[in-house]
Amino acid sequence: MSAPTINSIQIGRLHNKNAIVTGAAGGIGLETSILFAKEGANVLMADISGPALEKALAKLKQVVPSHHKVETQVSDVSKEADVKALVDHLDAWGGVDIMFNNAGIMHADDADAVDTPEKIWDLTQAINVKGVWFGSKHAVLSLRKHKKTKGSIINTASVVALVGSATPQLAYTASKGAVLAMTRELAIVHAREGFRFNALCPAPLNTPLLQDWLGDDQPKRHRREVHFPSGRFGEAIEQARAVLFLASDDASYINGQDFVVDGGMTKAYVTPE
Ligand code: NAD
């Protein structure tokens with residue numbers, strides 16, 4: 001599809017759209033914020049870590065022209081007041097068009113049914129599930145308040161919501177399954193309002209969330225790499241491109257999907273040597 005133009009000047013795929021990205025200081029969140037801004041969106045980058053957010057903003061500014069509106073706000077997605085404040089901030093911009101509920105944790109103490117501490121279970125659900133609910137809820141309220149006839153909400157799940165893993169992180173896996181189920185239902189409930197909800201299912205990536213945890217442990221790395229048909233971890237930018245598509249009107253008839261971006265991992269039985 002050719003890029004849209006105004007008076008033959010090329011405009012971005014998210015021209016004049018207002019977007020919120022949570023977990024914006026992390027791998028997927030930053031790459032997505034950059035792509036959104038490059039494609040003409042106004043972007044509010046949100047993260048629980050203020051210093052990380054400032055670093056992320058500095059990186060974005062190196063690659064995106066300065067006339068774009070990009071702001072940051074510290075926010076803990078497990079707190080409804082924080083999420084509401086994010087959405088309220090966009091009232092002055094004309095309300096939310098795109099909400100990327102992407103913040104998530106995979107805790108180092110998350111384990112199997114026997115060894116996962118209850119407080120890690122609760123923390124994981126509070127951020128990964130309740131955070132997505134709050135983001136979806138306040139996005140819907142904003143879309144209605146500003147009388148929008150379309151909106152795109154993308155919620156980050158994971159391939160572990162689709163395939164079982166013998167390297168368990170039970171709280172994380174359960175939380176991502178909840179994101180898929182919740183997203184599907186939201187998609188159906190709000191379809192007639194023009195609000196689309198899709199879940200992104202990334203495979204294991206080259207971002208701090210996983211790579212810090214794997215460290216230099218080669219057997220632990222190999223355990224995962226062998227399952228990739230491509231033989232490599234995914235990159236955050238490869239997720240961001242999919243999120244851009246789901247956020248844009250190019251995806252106008254895509255709703256309620258488990259959108260899998262995994263290099264074929266969940267379709268593989270035996271992978272190439
Ligand atoms: P990341 O750790 O690089 O980024 C996550 C960001 O979320 C961090 O900047 C962190 O500060 C922020 N965050 C944590 N708790 C928060 C909270 N309560 N409120 C607001 N922000 C908070 O990780 P990433 O790889 O970019 O992960 C983004 C999403 O992708 C997560 O939901 C993750 O579960 C999911 N995912 C990641 C992988 C992977 O291998 N990296 C695979 C599948 C799914």
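**Getting to know a predicted model**

Q: Which residues does Ile 98 touch, not counting residues up to four places away in sequence?
A: This is a predicted model, so what follows describes predicted coordinates. Leave out anything up to four places away from Ile 98 in sequence. What Ile 98 then touches is Lys 17, Ala 19, Ala 41, Ser 152 and Ala 247.

Q: Does Ile 98 count as buried or exposed?
A: Ile 98 lies in strand β6, which covers residues 98–101. To be buried, a residue needs 20 or more other C-beta atoms within 10 Å of its own. Because Ile 98 has 26 such neighbours inside 10 Å, the verdict is buried.

Q: How far apart in space are Ile 98 and Asn 42, C-alpha to C-alpha?
A: Along the sequence, these two sit 56 residues apart. In space, going from C-alpha to C-alpha, the gap is 10.0 Å.

Q: What share of the contacts between residues at least 6 apart in sequence joins residues at least 24 apart?
A: Start with the protein chain's contacts between residues at least 6 apart in sequence. Now keep just the ones that join residues at least 24 apart, and you have 76%.

Q: Which residues come nearest to the ligand?
A: There are 31 residues around the ligand. Helices α1 (27–38) and α6 (208–214) are the elements that give two or more residues to this shell. The ones that come nearest are Gly 23, Gly 26, Gly 27, Gly 104 and Leu 209.

Q: How many charged residues are in the shell around the ligand?
A: Sort the shell by type and you get 16 nonpolar and 13 polar residues. The charged ones number two.

Q: Why does Gly 27 count as buried?
A: Gly 27 has its place in helix α1, and among the residues it touches are Leu 205, Thr 207 and Leu 209. The cut-off for buried is 20 or more other C-beta atoms within 10 Å. Gly 27 counts as buried because its C-beta neighbours inside 10 Å number 23.

Q: What is the radius of gyration of the protein chain?
A: The chain has 273 residues, and a compact globule with that many would come out near 19 Å. The chain's own value agrees with that, at 18 Å.

Q: What is the mean pLDDT of the protein chain?
A: For the complex, the predictor gives an ipTM of 0.99 and a pTM of 0.96. Looking at the protein chain, 96% of its residues reach a pLDDT of 70 or more. The chain's mean pLDDT is 95.

Definitions and conventions
Residues numbered from 1 in each chain as written. Predicted model: local features only at pLDDT ≥ 70, side-chain atom pairs only at ≥ 80, totals over all residues. Rg over C-alpha atoms; globule rule 2.2 N^0.38 Å. Contact = placed C-beta atoms within 7 Å. Near = placed C-beta within 6 Å. Helix = DSSP H or I, 4+ residues; strand = E, 2+ residues; numbered from the N terminus. Nonpolar A, V, L, I, M, F, W, Y, C, P; charged D, E, K, R; others polar. pLDDT = per-residue confidence, 0-100. Buried ≥ 20, exposed ≤ 12 C-beta atoms within 10 Å, placed from the backbone.
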